[in-house]
Amino acid sequence: MFRNSTKPSNLESQGLALLQQMTGSSSAQFHADQWEAINELVENQNQLLVVQRTGWGKSAVYFIATKLRRMQGHGPSIIISPLLSLIRNQIDSAAKLGLNVVSYNSSMDQHEKAHSERQILSHSVDAIIIAPEQLGDTKFGQEILPQIVGNIGLFVVDEAHCISDWGHDFRPDYGRIVRAIQFMPRNMPVLATTATANDRVVTDIRNQLGDRLKVFRGSLMRSSLNLQTIHVRSKSERLAWLVENLPHISGSGIIYCKTTKDANIVAEFLKSQDINAHAYHSDIDGDNKPRLEQALQRNQIKALVATSALGMGFDKPDLAFVIHFQAPGNIVEYYQQVGRAGRGIDNALGVLMVGEDDARIQQYFIQNAFPKEEQINAFLELLASHNGIKLADLEKHMNCSRGKLTHTIKFLTSEFPSPIMKDGPFYYRTASDYSLPHDKIERLNSLKEDEWQRLLAYFDGTLNRCLMQILGSELDDNDIETCGKCEYCNPFAKLPDAVQQQTVNKASDFLRNRYIKLEPRKLFGASNDVVRSAFPVYGFPRQNANLLCDTGWALSTWRDGGWGDLVAQGKFNGAFSDDLIAPMVKMLNSLPYDERPSWITYVPSPRHPTLVKDFAHKLAAAMDVPCQDAVYVAQTRPEQKTMENSFHQSKNLDGAFGIEQNMLYRNPVWLLDDASDSGWTFTVIGGLLKRAGVQRVVPIALTSTKNNQ
């Protein structure tokens, strides 16, 4: 309903007609403050921050405002959106208003980008959706934006809490937004929207965007949500709880995990128990993500088991449940994710579980939120010593993963003034002095630690009050009444914590029989010049199929809740438990082989000479095959786990091992190591064994540490 009884203006009537067109309902009416927000943008050309609960209709505000501004003859809107899933949903929503909306983002190929560019520069689009990094040293930021900046009709920043370093999901790329606005016409209307901003974040956003900013803030109460906490800590118990309860929860939903590894584990186990669930994370092929989102939208699957890659902006009004298999980092993030459920239905379920390993995972994310000082200093010194350097060459000079390098670059380019700049594919050091903002980093890390403890208090029930009120108070909305639905308000409606031991055993068996395929590397070096000369000692050709290993297998993934936990314990204690022998024998006897190995050798270690050796001999005895000490350490090198990119991983192994010719059999061999990550150790030793005359090499490992986080 409208909030006043006066006859609506002609503009308001137009806006209402657009709302009804967008929703497909002739009876649709604006929520409180929706029209007022649109009017502030269209008529008064103000800067506006809208803080409203998930599902309130923030996208309706900026798309209707865009339509009205375009009808008045103004230029297109620019919409800053953080996630590709949000971009796809927004384009679909805008099409209902007849708006021609294009995206310009890093996932698009050159043809798609060129098509969007032609439409933008020919002034045939109504809105342009971009990720915040496009405002930086990209073609869009450097070439396209300057040509349209004087004709922008509306500037929208979705998920605006990302602007503030006090926000739960602060993103350095959002720092570019504030600087971009400063170079745009002062009377250009600006809309910032979020559902997750407390008073501190609102104040910070106001300080950054300027004194013209008005704030529209509504109640964050979500009356449709039934919030519960389930206290089953072990991974097998949490898996069992999902299997026993999901079939009795109506509708479809999202199960959140903190890591890619765990999203895969949960989805695979649910599938094995005839529950239609699929993993969704950053490693999923880009073409498959829209297909999975659409399947969930159409209720064709029970659940997506997702990392935060499926978060902000995913809109399914009838999403029936959000279950956190692992805890998010703080209550505000939890509110944002659980708020995906129950937007258009009266009853939806929000369940929080906290696992045994959640604190360790959270600590990992806190410790790696910012680049390390020594890494930044080395990076800046390297740039200063070169007259321009490419990213691929940075990997050759710095023992740093591609992910850490891009993280460092993103962090430094968002600093102001930035100590680096990019021109084409080359990075340069600027004349700006730079030092890491230690106080800021320490403050933010301390804040994250405190937020984690408050989430645990929510979970453990020590706050002793309505769960919806707790969420509201974290967001400084203290007017929320008791919800009447949560486990505190209505304990008799809570789902049971208990699980049957039989189901727990099934989960444990799954975790302990989930063998991990170890794909052999295809080349002795990458296809670029950086890695091509990585083996001058061994003289491996870049490509030689005759020297490559067969497909290998690992018994577990690191700390997976099954054998991976026992492997981790053995690494810590300096000796692997004999309890790992039988499952390794079971795995080796169950694998398919082109030609079954008939003996075992192993990867030796100069620092822990008995760790893998002793286990290899015990395993060979159990398999009733010989174990040969066929590989020896030729030179002591830094631990392979300290090598962070492909160039340094391969270079570190060149000349590190030798082969004892008198210890070899020509028959196929199992090559054992305790852990596999990049695959380079298996590739190099396998190549040496095959060059020495061994017919086949099958890598086997106790655990895989690849994509552990």
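Reader: In β22, what is the bridge partner of Trp-599?
Author: This is a predicted model, so take what follows as read from a prediction. β19 covers residues 599-602, and four bridges join β19 to β22, with the two strands running parallel. Within β22, Trp-599 is partnered by Val-669.

Reader: And which residue in β22 does Thr-601 stand opposite?
Author: We're still on the pairing of β19 with β22, which is residues 669-676. Across from Thr-601 in that strand sits Leu-671.

Reader: Are the residues of β19 that point either way, Trp-599 and Thr-601 or Ile-600 and Tyr-602, buried or exposed?
Author: Trp-599 and Thr-601 head off one way from the strand, while Ile-600 and Tyr-602 head the other way. Whichever way they point, all of them are buried.

Reader: Which strands stand at the edges of the five-stranded open sheet?
Author: The order is β17-β18-β23-β22-β19, and the pairing is mixed. An edge strand has a single partner, so one side of it is left without a neighbour in the sheet. That describes β17 (516-518) and β19.

Reader: How much does the twist average from one strand to the next there?
Author: This is still the sheet with the order β17-β18-β23-β22-β19. From strand to strand, its twist averages 30°.

Reader: Which helix packs on the sheet, touching β17, β19, β22 and β23?
Author: Its residues are 680-691, and its direction makes about 160° with that of β22. The helix is α25.

Reader: Now the seven-stranded open sheet: which pairing does it have?
Author: Reading across, the order is β3-β4-β2-β5-β6-β1-β7. β3 (101-104) and β7 (213-217) stand at the edges with a single partner each, so each has one side without a neighbour in the sheet. The twist averages 20° from one strand to the next. As for the pairing, it's parallel.

Reader: Which residue in β4 is the bridge partner of Ser-103?
Author: β3 is joined by four bridges to β4, residues 127-130, and the two run parallel. For Ser-103, the partner in β4 is Ile-129.

Reader: Which helix lies across β1, β2, β5 and β6?
Author: Don't mix it up with α3 (residues 58-71), which packs on the sheet and has a direction about 165° from that of β6. The helix you want spans residues 175-182 and runs at about 165° to β5. It's α7.

Reader: Where α12 and α18 cross, is the crossing left-handed or right-handed?
Author: The axes of α12 (residues 331-338) and α18 (residues 467-474) come within 9 Å and cross at roughly 115°. Ile-331, Val-332, Tyr-334 and Tyr-335 from α12 meet Ile-470, Leu-471 and Glu-474 from α18. Those contact residues split into six nonpolar, no polar and one charged. The crossing itself is left-handed.

Reader: Why does Asn-652 count as buried?
Author: Asn-652 is part of helix α24, residues 646-653. Buried means under 20% relative accessible area. Asn-652 makes that cut because its relative accessibility is 8%.

Reader: Which residue's backbone oxygen does the side chain of Asn-652 reach?
Author: Leaving out residues up to four places away in sequence, Asn-652 touches Arg-637, Pro-638, Glu-639, Gln-640 and Met-643. Glu-639 is 13 residues away in sequence, with the two C-alpha atoms 8.7 Å apart. At 3.0 Å, the side chain of Asn-652 reaches the backbone oxygen of Pro-638.

Notes. Residues numbered from 1 in each chain as written. Predicted model: local features only at pLDDT ≥ 70, side-chain atom pairs only at ≥ 80, totals over all residues. Heavy atoms only, no water. Pairing = 2+ DSSP bridges. Axes fitted to C-alpha atoms, helices over the stretch in contact; angles between N-to-C directions. Contact = heavy atoms within 4.5 Å. Buried < 20%, exposed > 50% of the residue type's maximum accessible area, 1.4 Å probe, protein only. Polar contact = N/O pair within 3.5 Å; in protein donor to acceptor, adjacent residues only side chain to side chain. Left-handed = near helix turned anticlockwise from the far one by under 90°. Nonpolar A, V, L, I, M, F, W, Y, C, P; charged D, E, K, R; others polar.
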